[in-house]
Amino acid sequence: MPISPSSLAQLPIRRLGVDDLLACADLSENRGWPREEHKWGLLLAAGTGYGIDDPSGDGLVTCSVVTSYGPGLAAIGMVLVAEQYARQGVGRRLMEHVLAESGSTPLTLHATPYGQPLYEQLGFTETGRAEMVSGRFTFAAPAPAVPVRPAAAEDLQAILRLDHEAFGLDRTHVITRLPAFADHLRVAEEDGEITGFAAAWPNMDTHVVGPLIARDTATAQALIASLAAASDRPLRTDIDVRHSALLGWVKENGLDPIASNAVMVRSLPDLPGDWRRRFAPLTVAAG
């Protein structure tokens with residue numbers, strides 16, 4: 001039996017944990033997204049999930065995940081509403097709850113064209129865009145001869161320092177999960193200094209490249225090429241559109257654009273850190 005809007009508005013919002021991974025993946029699939037169980041596992045372990053249980057006892061009505069980087073920023077992602085409950089105010093209610101829970105902490109998210117109007121109404125503003133590209137990497141356009149090697153355990157502190165400089169905030173609780181989360185983790189090193197790092201992690205039938213932090217475009221290209229050489233899957237990544245040279249190069253190498261999402265912030269004029277060295281995020285969870 002359908003639930004009335006008034007009854008739907010009374011359903012409690014609760015915290016989600018790693019035990020809710022399959023229910024979250026089911027909800028992704030319900031909305032035509034990939035299940036992305038591997039990514040859900042990271043997000044629910046490193047962040048805070050919120051959701052409403054379906055009163056029928058079958059899964060979730062809605063969910064989202066917030067990844068905190070301290071009082072300076074938190075990222076909202078995977079905002080999903082089950083198809084049968086869409087356009088009934090559930091997504092807005094969940095977002096308003098997340099905003100209340102976040103208090104004065106500035107927020108960021110990647111918005112699909114479908115979700116962007118709601119986020120604008122809730123005080124988010126667009127500060128940039130990211131283009132998602134995917135495909136078999138062809139090596140048609142060569143990468144610069146920047147030295148790249150597999151990361152070692154002793155590289156972790158240098159990776160954390162570089163990430164902090166580029167991201168502008170401490171992501172230790174997320175970055176330290178990379179060796180277990182990713183299939184491949186590479187560093188660029190010149191004259192004994194680590195100048196960039198990138199990971200490729202499994203997601204359905206692809207390898208997703210991210211994070212991708214690099215001193216310059218040439219270093220970013222070398223890192224992607226190294227990851228592509230190590231992978232037997234199509235690659236997917238989300239690149240800040242300001243990095244037009246890198247976007248052009250990956251497209252020359254067989255990666256086609258599949259989506260463009262708005263990068264939005266709330267209670268903050270722009271994202272911290274150095275965007276010139278921040279080429280692709282760890283995970284993108286657009287809503």
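**Two cores, a buried helix and some local backbone features**

The largest nonpolar core has 39 residues, and those that touch the most other members are Trp 40, Cys 63, Ile 76, Met 95, Leu 109, Tyr 119 and Phe 124. Strand β4, spanning residues 74-81, makes the greatest contribution to this core, giving six residues. A second core, separate from this one, comprises 26 residues, including Val 146, Ile 224, Ala 225 and Trp 249. The model in which these cores are found is predicted.

Cys 63 offers a way into the larger assembly. Its relative accessible area is 0%, so Cys 63 is buried. Beyond its neighbours within four places in sequence, Cys 63 is in contact with Leu 16, Cys 24, Leu 27, Trp 40, Tyr 50, Gly 51, Met 78, Val 79, Leu 80 and Leu 94. One of these contacts, Cys 24, is likewise a cysteine, and the question of a bond therefore turns on the distance between sulfur atoms, for which the cut-off is 2.5 Å. The cysteine sulfur closest to that of Cys 24 belongs to Cys 63 and lies 4.5 Å away, which is too far for a bond. Cys 63 accordingly takes part in no disulfide, and the count of disulfides by this rule is zero. Cys 24 counts as buried because its relative accessibility is 0%.

Met 78, one of the residues in contact with Cys 63, lies in strand β4. Although Met 78 is not a glycine, its phi is positive, at about 55°. With a relative accessibility of 0%, Met 78 counts as buried.

Attention may now pass to helix α6. This helix has 12 residues, and the distance from its first C-alpha to its last is 16 Å, close to the 16 Å expected at 1.5 Å a residue. The buried residues of α6 are Ile 159, Leu 160, Leu 162, Asp 163, Ala 166 and Phe 167. Viewed down the helix axis, the buried residues of α6 fall within an arc of 165°, and they therefore line one face. The face turned away from that buried side carries the exposed residues Gln 157 and Arg 161. The elements that cover the buried residues of α6 include α7 (172-175), β8 (184-190), β9 (193-203), β10 (206-214) and β13.

Within α6 (residues 156-167) stands Asp 163, a residue that is buried because its relative accessible area is 1%. The side chain of Asp 163 makes a polar contact, at 2.5 Å, with the side chain of Arg 171. Not counting residues up to four places away in sequence, Asp 163 touches Gly 168, Arg 171, Ile 175, Phe 197 and Ile 213. Among these, Gly 168 comes just after α6 and takes a positive phi of about 90°.

Strand β10, one of the elements covering the buried residues of α6, contains Pro 211. The peptide bond joining Gly 210 and Pro 211 is cis, with omega about 0°.

The loop between β12 (256-266) and β13 (278-280) holds Pro 269, and Ser 267 is found in the loop between β12 and β13 as well. Ser 267 has a positive phi, near 65°, in a residue other than glycine. Ser 267 is exposed, because its relative accessible area is 53%. Pro 269 counts as exposed because its relative accessibility is 76%. Measuring from C-alpha to C-alpha, Pro 269 and His 207 are 33 Å apart in space, with their positions 62 residues apart in sequence counted as their separation.

Definitions and conventions: Residues numbered from 1 in each chain as written. Predicted model: local features only at pLDDT ≥ 70, side-chain atom pairs only at ≥ 80, totals over all residues. Heavy atoms only, no water. Core = buried A, V, L, I, M, F, W, Y, C linked by side-chain atoms within 4.5 Å. Buried < 20%, exposed > 50% of the residue type's maximum accessible area, 1.4 Å probe, protein only. Helix = DSSP H or I, 4+ residues; strand = E, 2+ residues; numbered from the N terminus. Contact = heavy atoms within 4.5 Å. Polar contact = N/O pair within 3.5 Å; in protein donor to acceptor, adjacent residues only side chain to side chain. Expected span 1.5 Å × (residues − 1). Arc of directions from axis to C-beta.
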